[in-house]
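Me: I have a model open and would like to test some of the labels people attach to it. Could you walk me through the reasoning behind them?

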Amino acid sequence: MSRHQAYRNYDYENDLDEYEGAGYSDDEDELSPEDRGTTDPEQHPLSISPFAVPNVRSVAQMTAGTAQVRTALGSDSSKVTTQQIEEALWHYYYDVDKSVAYLASKYISPKPAKPPAQKNKSGGRSSHFYIDTPSTGADRQHVKDVGFGQYHPNIPEDKPAEHRSRLPSVDFFHDMPWLNIPNGRRTVFIEPPYPRGGLLGGSSAPGKVSKLQALAAARKKKAEEQKLRLKISQLSMEDAIPERPKESIGHAPRTLVGDGEPLPLHTNAQAHTTSDETAEDSESVDTEARTSDPSIAADLPLNPALLAPPSTFAQILCGLSTPRPAPVPRKQYPLPYMSFISSSALADAFSEPSPDDVVLAAQSKASNKKLAASIQKKKPGSKEKDDDVIDGIKAIKVDDAPLPKSKNLDVISEYEKAESKRNASFVVVGHVDAGKSTLMGRLLLDLGVVDQRTIQKYRKEAESIGKSSFALAWVLDQRSEERSRGVTIDIATNKFDTDSTSFTILDAPGHRDFIPNMIAGASQADFAILVVDATTGAFEAGLKGQTREHSLLLRSMGVSRIIVAINKLDTVAWSQERFDEISQQVSGFLSATGFQLKNVSYVPVSGLHGDNLVNKSADPAAAWYSGNTLIEELESSEPMARALTKPLRMTISEVFRSSQSPLTISGRIEAGSLQAGDAVLVQPSGEKAYIKSLELDAEPVDWAVAGQNVVIHLSNIDPIHVRVGDIICDPKQPIACIDTFTVKVLAFDILMPMQVDVHRGRLHAAGQITEIPALLDKVRGTVLKKKPKIVKPGSVARIVVRMGNKVPLEVGQRVVLRSGGDTVAAGLLE
Ligand SMILES: Nc1nc2c(ncn2[C@@H]2O[C@H](COP(=O)(O)OP(=O)(O)OP(=O)(O)O)[C@@H](O)[C@H]2O)c(=O)[nH]1
């Protein structure tokens, strides 16, 4: 049995009874025959035992003492019996004087009886010390309760009532010196105002509870719980049983449950039982909480609002209870710091506009006033003025920030006056792994744009991942993915200057998966470098692959000047035959594509070793080549004519956040010009923005013209309206957003009504060829056949394309149509 079980099974009742009776028999203190010295050996066989010796002695003492007492009493000795004398002697331990005093006061000249001593409330400490002469068990219990000093265990109890009179303590201790204290110096016990504390009186905690006290407390608690339950059950019954309508008397009362389904109500007796149980359940927590703290358990008034509602089962049995009063809201105890700031104060703190809001509101108000004034001044019906008003309203709607100031420069004359280098952009295209990036890396190294240390660093890093041969390519392939895969993914730009020209490199990816990026690069280029791998078999593969496709795309994008770099000639020992063979094949192909051969040049190079890039090849095997180096061919290339005077058009290549503005864009100006402070329109969002500032080659400038790659910091527009591929245009001559267009295309694949992707620079949208109005002559452009069902590869046709969304497109622009990952056509919008 565990200790807990043993504890629970302990029979306190029985123990208490034993405790009350044990060792306190009424006979304990009686004057036994042995005490009196009148032991009858027959009645008390043990008296003849060796242990009877003390009794023999006491008999002699008693006889002698009796005689002495009688002598001392003299004539009064007849007033007392021998038994009384013996009892007195026994009680006073054979002290003759005390016994005489007792007998004289008790029997010979008795004093009037004293009033019974009051029970000492202080737990046994009394200022009047006296002896009681108990006679019964009940009295003994009383004596025990009274306390120390009031009980003499040797006083006989089975004596007549008069014998049980009290002996004053003064008489008993009259010969004690410490009793002779003058009244004035006697201690006066003052009862403490409340019960003493625990150990040393310093604790307010209750003292140690005895078993009896614990038992009594448990009984009391139980009784109180029962009372509480009874009270709760009465309350629950009052709530649970609705008043019977008068008309239902005599019938089973019904009540509504859930959706109105009437259910018979049970009898009161049943209801009472159930309600009682329910109340007991529902109240168990509350009751526990109350009774767990004895200080609150007894007196806490029962609040029906705090009672849980009857269970569903009880409600079904007894019916719905009447609604209970709303629960008393719990007291809120705010956190300490909350006392410093009230919730209303917090609310007030944000109820008013911030200082910034006040300033902005004032600015807005001022600009609105200006607008209202200008509207009032304008005459109705003036279209130009109305447009201005609309512009003003739009400007307010977009942003209330102050507009950037414009210097109102004549940009074209400024451009003509400026002695700046010409700008030229070229795109580097070709089959995958033809060596495009390596070629450009080496060119930049030889031109001093990139130093040798950087290349060494790249070489080490490339070696660590097993791609040491790509170290030069890393000058342009900056992305980790490009470096780890050894493949260019997106257009990489870089710049270098020669004496005459400022060049922008657009290094295009060769992989067919990234053709859209190549298209974006080609759309920004003035001319192109077509890189061809001279390695045996590689050239042939390229001619079937992206060498061909890239050439077609270049032509479709309007690029007319091509420099063919026949690369990796070191792998074929600078074979002139190989160079000539490749040159001829490419020439024939480009000519067939539509390039004029006067615009095509061929340079034998080794990008890896830097032969014929900036410097002539030092390899004797390459001595047969006496033509231009690559850089010389680039410098001799004329950039396309700039559409300086046409309306502004710029396709956004990048959108980013810079230190100058949260919205910065970059791209190549295709047409027109711009300057700081200009308003521009972003299409297709149609949102107006202002040019806060602009940069050319990382230098701040006031203006820029077509052909230049520019960085523009915009203001007064939400960045969500600006995306890569969008067009920046002149708000007064905006580009239209259309969803259907007619285009004259060169077919690279079979065309028919089909799904296509429309590409224009970075812009691309899903569309569909809805019509093929005509098949055209390649040279003259005349109609060969109307409404053909299909267009064969290599044919020119007029087709109608419809797109899902409106996109900014206009006549004269070049688009590329792709389908299933292949370029199927390219041409000019009509
Ligand atoms: N032997 C030799 N190898 C070259 C030469 N040029 C490039 N390579 C190697 O050809 C591989 C491909 O070079 P890349 O410059 O990455 O080729 P890429 O055309 O830029 O490749 P993509 O842009 O991914 O299409 C590398 O391992 C180069 O080291 C060269 O002139 N001679």
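Reply: Happily; below, each label is set against its cut-off. Keep in mind that this is a predicted model.

Me: Good. How confident is the predictor in the protein, and in the complex?

Reply: The average pLDDT is 73, and 62% of the residues score at least 70. For the complex, the predictor gives an ipTM of 0.98 and a pTM of 0.53.

Me: Which stretches have pLDDT under 50?

Reply: Residues 117–165 are one such stretch, with 68 contacts beyond four places in sequence. Residues 330–349 also stay under 50, and the model has 2 such contacts for them.

Me: What makes Asn805 exposed?

Reply: Asn805 has 10 other C-beta atoms within 10 Å. The label applies at 12 or fewer, so Asn805 is called exposed. This residue sits in strand E24, residues 796–808.

Me: Which residues is Asn805 in contact with, leaving aside neighbours within four places in sequence?

Reply: They are Asp739 and Ala765. Ala765 is 40 residues away in sequence, yet the C-alpha to C-alpha distance is 7.6 Å. Contact is judged on C-beta atoms within 7 Å, so that C-alpha value does not decide the matter.

Me: How do you know that E21 and E22 pair?

Reply: Pairing needs at least two bridges, and E21 (residues 755–760) and E22 (residues 763–776) have 6, so they pair, in the antiparallel sense. They form a hairpin with 2 residues between them, and Gly761 in the turn has a positive phi of about 60°.

Me: What makes E25 a partner of E21 as well?

Reply: The same test: 3 bridges join E21 to E25 (residues 814–819), and at least two are needed, so this is a pair too. The two strands run antiparallel. Asp757 has a bridge partner in each neighbour: Ala766 in E22 and Arg818 in E25.

Me: Why is helix H17 called mostly covered?

Reply: Because 9 of its 11 residues are buried, which takes 20 or more other C-beta atoms within 10 Å for each. Among them are Lys436, Thr438, Met440, Arg442 and Leu444. The buried residues pack against strands E5, E6, E7, E8 and E9 and helix H24. After H17 comes Gly448, with a positive phi near 80°.

Me: What does H17 contribute to the shell around the ligand?

Reply: H17 (residues 436–446) supplies 3 residues, the largest share. The ligand has 24 residues around it, and Gly435, Thr438, Ser469, Thr488 and Gly510 come nearest.

Me: How do the residues of that shell divide into nonpolar, polar and charged?

Reply: There are 7 nonpolar, 13 polar and 4 charged residues. Gly counts as polar in this scheme, so Gly435 and Gly510 fall in the polar group.

Me: Which residues touch the most other members of the largest nonpolar core?

Reply: Of its 92 residues, Phe426, Ala528, Val532, Ala565 and Ile566 do. Strand E8 (residues 527–533) gives this core its largest share, 6 residues. A second, separate core has 27 residues, including Leu674, Leu694, Ile727 and Cys729.

Me: What does Phe426 contact beyond four places in sequence?

Reply: Its contacts include Phe503, Ile505, Leu506, Phe527, Ala528 and Leu634.

Me: And for the protein overall, what share of the residues is buried?

Reply: Buried residues make up 29% of the 830. The protein has 24 helices and 26 strands. Among contacts between residues at least 6 apart in sequence, 69% join residues at least 24 apart.

Conventions:
Residues numbered from 1 in each chain as written. Predicted model: local features only at pLDDT ≥ 70, side-chain atom pairs only at ≥ 80, totals over all residues. Helix = DSSP H or I, 4+ residues; strand = E, 2+ residues; numbered from the N terminus. pLDDT = per-residue confidence, 0-100. Near = placed C-beta within 6 Å. Core = buried A, V, L, I, M, F, W, Y, C linked by C-beta atoms within 7 Å.
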